[in-house]
Amino acid sequence: MSDHYGLFTHRIAEPHEPNEEYQTRRALAASLREIQDRLVRLDAPQDMLEHWAAQMATVAEQVRDYPRRGQSAIFQRLYLEQGSHRDVLDAFDHEIMTGLSSSLAPPLSLWLDGDVVRGRANLGLPWQGPPGRVHGGVVALILDILMAKTQDMVEGIGMTGTLNIRYQAGTPLKTDIDMEARIQRLDGRKLFVEGLFFVGGEQVVRAEGVWICARGDYRWREGFPLRQQEVS
């Protein structure tokens with residue numbers, strides 16, 4: 001394992017091998033996730049709710065006694081390719097939908113399959129909009145992360161410029177959601193991307209988006225099948 005890590009050598013939204021500290025953080029996040037899910041309309045006696053509330057208040061008071069590690073310094077070291085293994089975990093393991101140390105993450109799993117980004121998630125009651133369906137804003141959030149990961153295939157990193165979504169059917173809770181994202185084309189600083197959701201083989205969401213490179217133009221990375229394709 002390398003002694004030093006850079007900001008752009010880590011694939012977007014893919015978990016890094018945890019150290020002992022982050023094994024514990026991931027276990028803590030998993031427990032908090034389960035509590036969040038179970039508390040939705042939990043039919044428990046008042047005395048138990050009061051007992052748990054007191055326990056959580058005690059934990060909240062205890063964690064307030066400890067400082068955070070400085071984010072600016074972590075990202076500066078990673079930008080200079082002088083980051084540590086813990087820096088990588090501090091930077092990426094708490095990401096909102098994919099960080100395994102985040103109690104907010106479903107979690108969402110993303111990976112590269114050739115020139116396609118694939119993903120899978122199974123969302124519980126905390127993510128509900130209409131009864132039995134994933135909230136449309138949550139769908140948009142996941143699409144943003146899914147489609148941003150196509151930047152693993154290019155040189156350059158940027159931010160979402162536009163994201164247009166067509167909700168073709170409701171996305172059910174507690175059901176595997178399969179996802180795909182593809183680069184449609186590059187145009188200077190702009191990266192054009194398509195994202196799709198499938199449930200049981202049926203397409204339920206389609207999105208198109210544009211990412212804007214923060215510095216310079218996007219270019220295909222070496223080794224990707226579309227690298228030699230002419231772009232506008």
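Student: In which loop is the place of Lys-174?

Tutor: Good starting point! This is a predicted model, and in it the strands are numbered from the N terminus. Lys-174 sits in the loop between β4 and β5.

Student: Is Lys-174 buried or exposed?

Tutor: Let's reason with a cut-off: a residue counts as exposed when its relative accessible area is over 50%. Lys-174 has 54% relative accessibility, so the label for it is exposed.

Student: What is the phi of Lys-174?

Tutor: Here is some background first: most residues other than glycine have a negative phi. Lys-174 is not a glycine, yet its phi is positive, at about 55°.

Student: And Arg-41, where is it found, and is it buried or exposed?

Tutor: Arg-41 also deserves a look, with a positive phi of about 55° although it is not a glycine. Its place is the loop between α1 (20-39) and α2 (46-63). Its relative accessibility is 64%, so Arg-41 counts as exposed.

Student: What kind of peptide bond joins Pro-106 and Pro-107?

Tutor: Keep in mind that most peptide bonds are trans. Pro-107 belongs to the loop between α4 (85-92) and β1. For the bond joining Pro-106 and Pro-107, omega is about 0°, and the bond is cis.

Student: Let's step back. How many helices and strands does the protein chain have?

Tutor: Try reading along the sequence: the pattern is α-α-α-α-β-β-α-β-β-β-β-β-β. Counting each kind in the protein chain gives 5 helices and 8 strands.

Student: What percentage of the residues of the protein chain count as buried?

Tutor: To be buried, a residue needs a relative accessible area under 20%. The protein chain has 232 residues, and the buried share of them is 37%.

Student: How does the protein chain fill space, and what box do its C-alpha atoms take up?

Tutor: Picture a box drawn along the principal axes of the protein chain. The C-alpha atoms fill a box of roughly 65 × 45 × 25 Å.

Student: Among contacts between residues at least 6 apart in sequence, what percentage join residues at least 24 apart?

Tutor: Think of contacts as heavy atoms within 4.5 Å. Within the protein chain, taking contacts between residues at least 6 apart, the share that joins residues at least 24 apart is 68%.

Student: What span does helix α5 reach from its first C-alpha to its last?

Tutor: Helix α5 covers residues 136-148, which is 13 residues. At 1.5 Å a residue, the expected span is 18 Å. The model is close to that, with α5 reaching 18 Å.

Student: Which strands are included in what covers the buried residues of α5?

Tutor: Let's first see what is being covered: the buried residues of α5 are Val-138, Val-139, Ile-142, Leu-143, Ile-145, Leu-146, Met-147 and Ala-148. Their cover includes β1 (109-113), β2 (116-121), β4 (158-167), β5 (177-187), β6 (190-199) and β7 (202-213).

Student: Leaving aside neighbours within four places in sequence, which residues is Val-138 in contact with?

Tutor: Val-138 lies in helix α5. At 12% relative accessibility it is under the 20% cut-off, so Val-138 counts as buried. Once neighbours within four places in sequence are set aside, its contacts are Met-97, Leu-123 and Trp-127.

Student: How far apart in space are Val-138 and Gly-161?

Tutor: In sequence, 23 residues separate Val-138 and Gly-161. In space, going from C-alpha to C-alpha, the distance is 18 Å.

Student: Which residue meets Arg-182 in a salt bridge, and is that partner buried or partly exposed?

Tutor: The side chain of Arg-182 meets Glu-180, with N to O at 2.7 Å. Arg-182 has a relative accessible area of 31%, so Arg-182 is partly exposed. Glu-180 comes in at 17%, so the partner, Glu-180, counts as buried.

Student: Which residue forms a salt bridge with Glu-208?

Tutor: Glu-208 counts as partly exposed at 33% relative accessibility. Its partner is partly exposed too, with a relative accessible area of 29%. The closest N and O atoms are 2.9 Å apart, and the partner is Arg-206.

Student: Which residues do shared salt-bridge partners join into one network?

Tutor: One link is the salt bridge of Glu-14 with Arg-11, where the closest N and O atoms are 4.0 Å apart. Through shared partners, the network is made up of Arg-11, Glu-14, Lys-149 and Asp-152.

Conventions:
Residues numbered from 1 in each chain as written. Predicted model: local features only at pLDDT ≥ 70, side-chain atom pairs only at ≥ 80, totals over all residues. Heavy atoms only, no water. Helix = DSSP H or I, 4+ residues; strand = E, 2+ residues; numbered from the N terminus. Expected span 1.5 Å × (residues − 1). Buried < 20%, exposed > 50% of the residue type's maximum accessible area, 1.4 Å probe, protein only.
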